[in-house]
Amino acid sequence: MRSHPIVPAQQLRLARQRLTEQGMTQSPGVDALLARSWQRSLTAGLSPIGRLHCQDKLDGPELRRCRALSHELISHSEPVMEHLFEQVRHSHSMVILADPQGVLMHTRGDLDFLSKAERVALTCGASWAESQRGTNAIGTALAEAQEVEIHGAEHYLERNGFLTCAAAQVRKPLRDR
């Protein structure tokens, strides 16, 4: 899935700083996909440092309505998610299903990782669209319409730098489109 090498975190921080201070999107070692995503994150008005002021989390009736709209996808994906989770159990990981807008619909994760995940809103109802959370595997996979891996400091928001994430869109078979 990964088409580019992992760049040292310090080099990525400097590149992100050049982007936010000088508008420079091209930096040595920064992949074109990553540069495009960082630019979209900046254009959305996100700051890579500090607290995120995001009121995007669906709860209660809204979340139930969204989950009902995604019922078929959720029910078909639960066995697959369980199988994937068994592959990464005890690795401080999660398996997540998001809707086409990047809203988390279903999660499965190690209990010891869930408290860290909650601190960065990796919970059902939270939006991980790039416009809300900056460069991240879910939002960037949706924006780029391709599978994506985002490692550590490649995330636009520094607070998400402890994460390594991979995502791909789930699509209907061609005959059903």
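**View 1. The largest nonpolar core of the predicted model.** This core holds 30 residues. Leu12, Val30, Trp38, Leu122 and Trp128 touch the most other members. At least two core residues come from each of five elements: helix H1 (9–22), helix H2 (32–43), helix H5 (111–119), helix H7 (137–144) and strand E3 (148–151). H2 gives the largest share, four residues. In soluble globular proteins, nonpolar side chains tend to be buried together.

**View 2. A second core.** Separate from the largest core is another of ten residues. Among them are Leu58, Leu63, Cys66 and Met105.

**View 3. Surroundings of Trp128.** Trp128 is one of the residues that touch the most other members of the largest core. Neighbours within four places in sequence are left out here. Trp128 then contacts Gly102, Leu104, Val120, Ala121 and Leu122. Arg133, Asn136, Ile138 and Gly139 are also in contact with Trp128, as are Asn160 and Leu163.

**View 4. Packing of H1 and H2.** The axes of the two helices lie 11 Å apart, at an angle of about 45 degrees. H1 and H2 are therefore oblique to each other. The crossing of H1 past H2 is right-handed. From H1, the contact residues are Leu12, Ala15, Arg16, Leu19 and Thr20. They meet Leu34, Trp38, Gln39 and Leu42 of H2. By class, the contact comprises six nonpolar residues, two polar and one charged. Leu12 of H1 and Trp38 of H2 meet in this contact, and both are named among the residues that touch the most other members of the largest core.

**View 5. Val103 in the loop between strand E1 (94–98) and E2.** Val103 has 10% relative accessibility, so this loop residue counts as buried. Beyond neighbours within four places in sequence, Val103 contacts Leu58, Leu97, Ala98, Gly125, Ala126 and Ser127. Leu58 also belongs to the second core. Ala129 is 26 residues away from Val103 along the chain, yet their C-alpha atoms are separated by 7.3 Å.

**View 6. His106 in strand E2 (residues 104–109).** His106 counts as buried because its relative accessibility is 17%, and the cut-off is under 20%. Residues up to four places away in sequence are not counted among its contacts. His106 touches Arg67, Glu78 and Met81. Val95, Ile96 and Leu97 are in contact with His106 too, as is Cys124. Leu97 is also a contact of Val103.

Key: Residues numbered from 1 in each chain as written. Predicted model: local features only at pLDDT ≥ 70, side-chain atom pairs only at ≥ 80, totals over all residues. Heavy atoms only, no water. Buried < 20%, exposed > 50% of the residue type's maximum accessible area, 1.4 Å probe, protein only. Contact = heavy atoms within 4.5 Å. Core = buried A, V, L, I, M, F, W, Y, C linked by side-chain atoms within 4.5 Å. Axes fitted to C-alpha atoms, helices over the stretch in contact; angles between N-to-C directions. Parallel < 35°, antiparallel > 145°, perpendicular 65-115°, else oblique. Left-handed = near helix turned anticlockwise from the far one by under 90°. Nonpolar A, V, L, I, M, F, W, Y, C, P; charged D, E, K, R; others polar.
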